[in-house]
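Biologist: Hi! Could you pull up the model so that we can go through it together?

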Amino acid sequence: MTAWNADTEAGASEFGAVTVVEGSSFCISAHTGDIHGGGAHGAYYQDTRIVSRWVLRVNGAFREPLVARNPTAFQAEFVGRALSADGRFDSPLVVRHQRHVGHGLRDDITIRNYSGQASTCDIELLIDADLADLFDVKGGRAGKAASVARTVHKKELHIESVHANGQRRGVSFRASGGKPTEDGLSFHITIPARSQWTTSVIAIPLTNGEGPNDPFTETTPLHHTAGVRRHMAWAEHVPRIAVTDRNVEEVLERSQSDLGSLRIFDHEHPGRAAVAAGAPWFMALFGRDSILASYMSLMVDPGLAAGSLQTLAGLQGSKVDADSEEEPGRMPHEVRLGVTAGLSLGGTAYYGTVDATPLFVTLLGELSRWGLGADIIDSLLPHADRAISWMENYGDRDGDGFIEYQRPNSHGLINQGWKDSWDGINFADGKMAETPIALCEVQAYAYGAYVGRSLLARAAGDTAVERRCADRAEALKEAFNETFWLPDRGYYALALDKDKKPVDSCTSNMGHCLWTGIVDEDKAALVAERLMSPEMFTGWGIRTLGSDMGAYNPVSYHNGSVWPHDTALVATGLMRYGFVKEASRVASGLFDAAEHFGGQLPELFCGFDRSDFPEPVPYPTACSPQAWAAAAPIQLARILLRFDPDFTRKVLHLAPILPDSFGEFKAENVLLGRSRVTIQASAGHGTVTGLPTGLELRSDPRPPLAGDLFG
């Protein structure tokens, strides 16, 4: 197997590590603030590790750690006690270390002397930068670049590497009062009695000798940096939430904050934000992840969905390239910036995903109902039509009406749906399926794409496109329910394999089929019953694979674990088909799980039953924060409110079924069209103030099988 097949899950990170994120930059350190050589520790900029060692020693000794915290996603604070010059155990020296990431790294270090006497200190900051590519670090293959130069230049230490493709990556380190050496920075200071000493350590990334725009400086107030300004604007922009249940309120607030920290920006379109997949390893645009995360966060900011679609549209495939798996109309799987990305991906964009392309169209259809500007919708329609063309001409490899995947090379992903680990698609007996593979949820996404494009055409008065897409949706739904349904099992097959044999394992994927509405009404009850069975529902969430299946492992990545975004989409599907109690039970379980994770749901957690363990068991390498996990509570709140705007029909449905334990719910500053509204709700009642002109508030839920896009 190559890197792509082995590294779909997050790489290992040290227990107790502190992660700081801003845009596509991030830093992983020990709880002391130190960055130790080897492992995952480091500061990363544009998928390159610009700091691989950052170790502070005061008077020849490490700090004694006292506390580490993340007041915001993009900063951390570490407090420790330093050894005094005379070696006293009860030292009066306290070190406060504040870290910010962005276009580089800025560490503000303050040493406070609580003694009545002056204290002399020798401070040594050991620094290194291996300038390794993110993929190599994540896969445990990081090593020194072929050519690394360390130069003491004036008051700075420069480290630079030259790569085989001629690209140069480097970093410069400096600090006020610091003497640069090839090993780092050193200081000899005297701190007066009951006084303090402060310096700022700055790391500036260099690309071919040039630093970034708006880099950190020692004198610029941190609240003036671009990252801080963006986060302050985000906090003003998002809804203000109040819930009687304090846990639910904290989870929703944390979700909003994490989504803000995971936004990434294109310097050519600075006002356009897209969603990165997750920290630390996936701080990049991922087609599937960005689309689903922005869909589930529509109540927070529909602009994230618009920005993600616009960014993906600019990367839409235009040619056939077997190396990168680009095809005309295909949306990318991920986009990377690292210096060796071209070696591992066949370019900066890799297209090996089967579902991002239909999901692009389904999300565009949904946005039209949220009152997105017609100018944005109109500009994206040609991309939607190219995406549908890909579905029909490239996605459907054999002309049977279903979309399949099979990599055309030896280095791409073997599995190209959301369960993209190498062993993620298997039969009930545990045997792995062979490609080409047609996944059940991908057909559901394609159905959603046809329905969404049909509704867009209806709004534009394009009857020919409306009819064609509606007919394709109807034909796909009929074929899907005939081919994928397993009557002797009472659920849908996970997939069809290379021989068109149904892959008969019981998985959460069929919950996505409920979500988009492709499931026949007479089969929905059996699907819901199976999803809520003890083999599937842990009490915290829905397992990816039933516990009675041959490949089940509660500590696997895709074969029995619980993924919050997956569970949220299952709950959405249950609600769409009218299984209100079941959807509410699933939502409550996931909110309970979030409380045990400090209000921040991770990428996934282990699939042990709630009756076996009093708390959800963490998965050891889960990303956190992670975009669609952060968006999952927002989506759950939406389905419990049964909040469904439809500007195309000039109605807004609000029919809350909040659990009694939630109490009162209030969300102010919710963007709806061009208006800011306030939603207030309790168990069975809801109101909206500030409703856009012409939009009628309805107190009934939107019909679950109205033939619309999503539910």
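Modeller: Here we go, with helix H15, aromatic pairs and some backbone details as topics.
Modeller: A word on the source: this is a predicted model, where local features need pLDDT of at least 70, side-chain atom pairs count only at pLDDT 80 or more, and totals for chains, interfaces and linings use all residues. Residues are numbered from 1 along each chain as its sequence is written, and side-chain values use heavy atoms, with hydrogens and water left out.

Biologist: Thanks! What should helix H15 span, and how far apart are its end C-alpha atoms?
Modeller: H15 has 17 residues (580–596) and should span 24 Å at 1.5 Å a residue, which agrees with the 25 Å between its end C-alpha atoms. Helices here are DSSP runs of H or I with at least four residues, strands are E runs of at least two, and both are numbered from the N terminus. The expected span is 1.5 Å times one less than the number of residues.

Biologist: And which residues of H15 are buried?
Modeller: Among them are Ala 583, Val 586, Leu 590 and Phe 591. Buried means under 20% relative accessible area, exposed over 50%, and partly exposed in between, with a 1.4 Å probe and protein chains only.

Biologist: What covers them?
Modeller: The cover includes helices H4 (246–261), H14 (564–576) and H16 (627–641).

Biologist: New topic: how many aromatic pairs are there?
Modeller: The structure has 18. Rings of Phe, Tyr and Trp (its six-membered ring) pair if their centres lie within 6.5 Å; planes under 30 degrees apart are stacked, over 60 edge-to-face, and the rest tilted. One of the pairs is Phe 26 with Tyr 44, stacked at 4.5 Å centre to centre and 15° between the planes.

Biologist: Which strands hold those two?
Modeller: Phe 26 lies in E2 (residues 25–29) and Tyr 44 in E3 (residues 42–45), so the pair ties together parts 18 residues apart in sequence. Both Phe 26 and Tyr 44 are buried.

Biologist: Now the backbone: where are the cis peptide bonds?
Modeller: One runs from Thr 435 to Pro 436, with omega near 5°, and another joins Ser 624 and Pro 625, with omega about 0°. Pro 625 is in the loop between H15 and H16.

Biologist: What about Lys 154, buried or exposed?
Modeller: Lys 154 is exposed, with a relative accessible area of 74%. Lys 154 also has a positive phi of about 55°, though it is not a glycine. Most residues other than glycine have a negative phi.

Terms used
Contact means heavy atoms within 4.5 Å.
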